[in-house]
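User: Could you walk me through a structure and show me how the terms we use for it are justified?

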Amino acid sequence: MNFRKMAAGLVVLMLLTTWAFAAGSSEPRAEAQAADLTFTLWSGNEAHLTLFRSIADAYMAQDPNVRSVTYQTIPHGSYLERITLQASGRNAPDAGWLFERAGTAFMDAGVLLDLRSALNRHDFDDFAPAILSLWQRGDAVYGVPFSTSPMVIFYNADMFSEAGVPTPTELQARGEWTWERFREVARTIRERTGKFAYRGPAFDETPIRVMVPTMAAYGAQVWDDAGNVTVNSPEAIRAIQLYHDMLFRDQSVVPPGNLSDFFAGDVASTATFISFAAQLANVDWEWGIAKLPAGPAGQPGVIGQSSIVAFSRSDNPEVAADFVAFMTNRENMTRLAQFFPPSRNSVLESDTFINGNPHISGALMASVIVPSMQAGQVLPVHEQYANLLLTAQPFLDRLWRPGADVRAVLNELADAWRPIVAN
Amino acid sequence: MNKILRNEARAGYLFVAPQLVGYLIFVLGPIIAVFVFSFHDRNLLTGANIFVGLANYRRMLQLDPLFYKTIWNTLVFTAGLVPLGVVLALVLALVSYERFRGVQVFRTIIFAPVVTSAVAWAIVWRFLLQGQQGAINQMLAVVGISGPDWLRDPSTAMLSVIVSRVVKNAGLNVVIFLAAISNLPEEIFEAARIDGANDRQLFFRVKVPMLMPTILMVTILVTIGSLKVFDHIMLMTQGGPEHSTMVLVYYIYHQGFRFFNTGYASTLAVVLFIISLLLALTQWSVRKRVYHFEE
């Protein structure tokens with residue numbers, strides 16, 4: 001008797017659990033009077049958070065209907081998983097940061113709010129069109145780039161002088177700062193110091209990005225906007241062959257799997273984003289920054305871009321969009337510019353941006369950073385980026401190995417990518 | 001009488017209730033949900049949830065070559081990990097059962113990896129195994145061997161992950177074996193000796209058969225644990241090189257949280273569930289044949 005009741009109870013409980021898991025997630029919630037906003041970001045830096053909190057305080061002061069703004073720091077590595085999981089659990093953030101690789105997929109999935117009408121209230125024409133373009137679809141604007149970070153060369157000046165070779169800045173001044181010349185210099189550094197001369201983007205974490213700095217100088221792209229795979233174009237093959245030779249013939253570049261690090265003083269130079277300058281605050285060696293080396297296609301610019309977006313599953317979509325517009329108005333973007341390269345023309349030219357970076361001098365900002373931003377092409381994006389990455393992995397693993405046939409592997413990679421990119 | 005029994009039963013049910021409710025909500029519920037999801041085209045990003053019948057299963061069996069590769073990799077991982085893990089734990093347990101100077105230190109060293117964070121462990125192994133600069137290849141170089149690029153070479157990557165995992169978890173199984181060994185009745189060994197058994201016979205004909213229930217239990221634990229490997233793969237190889245360490249769980253994670261295809265990921269998870277179930281059933285049926293002594 002009792003057992004039967006118990007069993008019946010269990011079945012009911014099981015059904016309830018299943019229902020709870022299987023139920024859809026699109027049920028609208030009643031509009032609340034006072035809005036509580038949640039904003040996700042991947043920085044836990046106290047200086048960043050203090051600035052963001054003060055922006056939130058100013059916003060709440062002008063709109064009494066906003067009761068609270070909570071900043072939620074999520075590590076970069078699990079950022080997308082966490083915000084999508086929260087959204088599917090009816091706990092979506094209202095707004096937050098988003099990086100360029102995810103932007104396209106999120107826009108196409110319809111999970112970002114169109115911010116255009118909110119932005120129109122805050123001098124929309126001030127945004128630099130080239131910087132904004134990735135986040136636009138026709139008239140709609142789905143994200144406001146708050147950090148448009150050019151990839152630059154950081155170098156250890158002590159190691160260059162120890163090897164008796166000119167620094168990137170000196171080569172740049174002579175107009176000799178090209179990949180071909182860099183290859184010679186790197187070989188000398190390797191021979192004379194025994195250390196690696198350069199560390200490119202990480203082979204494991206950002207495998208597609210590895211190819212970008214060299215390819216950009218040769219005028220090549222991994223794929224183009226028209227849906228063509230161009231990773232095996234003659235220019236691309238030349239660029240990758242050169243980098244391959246530096247890696248395995250000259251052994252002057254940190255190879256895959258090797259954990260030698262520029263910021264720890266093991267490597268003479270690296271290509272990365274200017275936000276990494278903060279890591280050099282306490283090193284006891286001389287360092288400098290320069291543009292990326294040039295190539296047959298001239299001076300390349302490669303930029304990584306993160307935007308502030310509002311999520312369409314927010315309980316308060318209008319407030320969320322308005323908050324994003326407020327956060328990126330001229331005044332607030334000027335304040336953000338001490339940390340993040342801005343997207344408003346008025347701020348790009350402002351003194352706060354040029355002279356406000358605690359780690360990089362005004363002269364370098366004006367001569368290296370600003371031109372790199374203006375010339376820049378945003379890193380490769382695609383709505384199927386994750387799928388392209390998984391597909392590419394076996395080919396890239398074979399490519400970055402001594403003795404690989406660069407042309408043959410890139411041709412195979414292009415064949416594997418073509419159906420996904422064109423789709 | 002009946003009433004007393006009923007009251008006792010009620011108290012008993014109340015005692016197991018917390019565990020049971022937790023099991024239903026956090027284990028059984030999700031398992032059932034995964035079966036339901038596997039018949040849907042679900043997308044975590046868009047929130048789409050459309051019933052598609054067997055389409056996910058058709059895709060898995062007919063259109064996804066990576067699925068077969070991950071199944072193969074998972075089997076290779078298990079086939080490598082289980083014998084290595086069980087034999088190593090048994091040998092270490094037998095050695096550390098002996099009373100010799102420093103046995104406490106020896107036991108501590110064996111057990112230390114178990115309480116080390118898996119993340120720290122995997123990252124340290126990545127350093128040890130990195131190309132020619134890694135400590136392992138530098139030690140090999142001293143004796144004139146040029147070691148491979150362990151984690152970058154498709155023929156050694158899986159082996160490297162298996163070894164790092166075996167060493168990490170051996171200590172836990174050593175403890176189980178130690179408990180079993182110290183419970184073995186001395187008088188049986190004495191009787192065997194009197195009957196003229198030598199050390200070898202004593203070990204293979206007496207000790208091992210009597211340890212069989214424990215060996216089987218550890219084998220089951222290690223096997224099922226091996227199907228769940230995720231952290232070592234994620235941190236050491238990320239499924240590479242050339243997908244040679246892409247195991248089923250890591251592929252499920254890829255489909256679910258990188259591509260947001262939770263429907264298809266659930267289909268793959270159903271396969272994992274069935275494999276685990278079959279393995280457990282097989283091992284329990286073998287159990288009857290290997291139990292030489294059971295109380």
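Analyst: Gladly! This is a predicted model, and a good place to begin is A:Thr148, which stands opposite A:Gln305 in E9(A).

User: How do you know that E6(A) and E9(A) pair, and in which sense?

Analyst: Two strands pair if DSSP finds at least two bridges between them. E6(A) and E9(A) have six bridges, so they meet that definition. Their pairing is antiparallel.

User: What makes E7(A) a partner of E6(A) as well?

Analyst: Use the test again: at least two bridges are needed. Five bridges join E6(A) to E7(A), residues 269-273, so this counts as a pair too. These strands run antiparallel. For one bridge you can look up, A:Ile153 has A:Ala271 in E7(A) as its partner.

User: What about E8(A), how many bridges join it to E6(A)?

Analyst: Four bridges join E6(A) to E8(A), residues 287-290, and the strands run antiparallel. With at least two bridges required, E8(A) therefore pairs with E6(A). Here the bridge partner of A:Phe154 is A:Ile289.

User: Why is E6(A) called mostly covered?

Analyst: A residue is buried if 20 or more other C-beta atoms lie within 10 Å of its own. In E6(A), residues 144-156, 13 of the 13 residues are buried, so "mostly covered" is a fair description.

User: Why is helix H4(A) said to be largely enclosed?

Analyst: The cut-off is again 20 or more other C-beta atoms within 10 Å. Seven of the nine residues of H4(A), residues 100-108, are buried, so the helix is largely enclosed by the rest of the structure. The buried ones are A:Glu100, A:Arg101, A:Ala102, A:Gly103, A:Ala105, A:Phe106 and A:Met107.

User: What covers those buried residues of H4(A)?

Analyst: The cover includes H3, E3, E4, E9, E10 and H17 of chain A. Just after H4(A) you can also find A:Gly110, which takes a positive phi of about 70°.

User: Which domains does chain A have, and how many residues does each give to their contact?

Analyst: The domain assignment gives domain 1 (35-149 + 304-378) and domain 2 (150-301 + 381-422) of chain A. The C-alpha centres of domain 1 and domain 2 of chain A lie 28 Å apart. The contact takes 20 residues from domain 1 and 20 residues from domain 2. On the domain 1 side, H4, H16 and E10 of chain A each supply at least two residues. By class, that side divides into nine nonpolar, eight polar and three charged residues.

User: What makes a residue of chain A part of the contact with chain B?

Analyst: Two residues are in contact if their C-beta atoms lie within 7 Å. The contact takes 32 residues from chain A and 33 residues from chain B. On the chain A side, H1, H3 and H17 are the elements that give two or more residues. H1(A) gives the most, with eight residues. That side of chain A has 15 nonpolar, 13 polar and four charged residues.

User: What is chain B built from, and how many of its residues count as buried?

Analyst: Chain B has 12 helices and two strands. Along the sequence, the pattern is α-β-β-α-α-α-α-α-α-α-α-α-α-α. Of its 295 residues, 29% count as buried. The C-alpha atoms of chain B fill a box of roughly 80 × 70 × 30 Å along the principal axes.

Note on methods. Residues numbered from 1 in each chain as written. Chains lettered and ligands numbered in written order. Predicted model: local features only at pLDDT ≥ 70, side-chain atom pairs only at ≥ 80, totals over all residues. Nonpolar A, V, L, I, M, F, W, Y, C, P; charged D, E, K, R; others polar. Buried ≥ 20, exposed ≤ 12 C-beta atoms within 10 Å, placed from the backbone. Domains from an automatic or database assignment.
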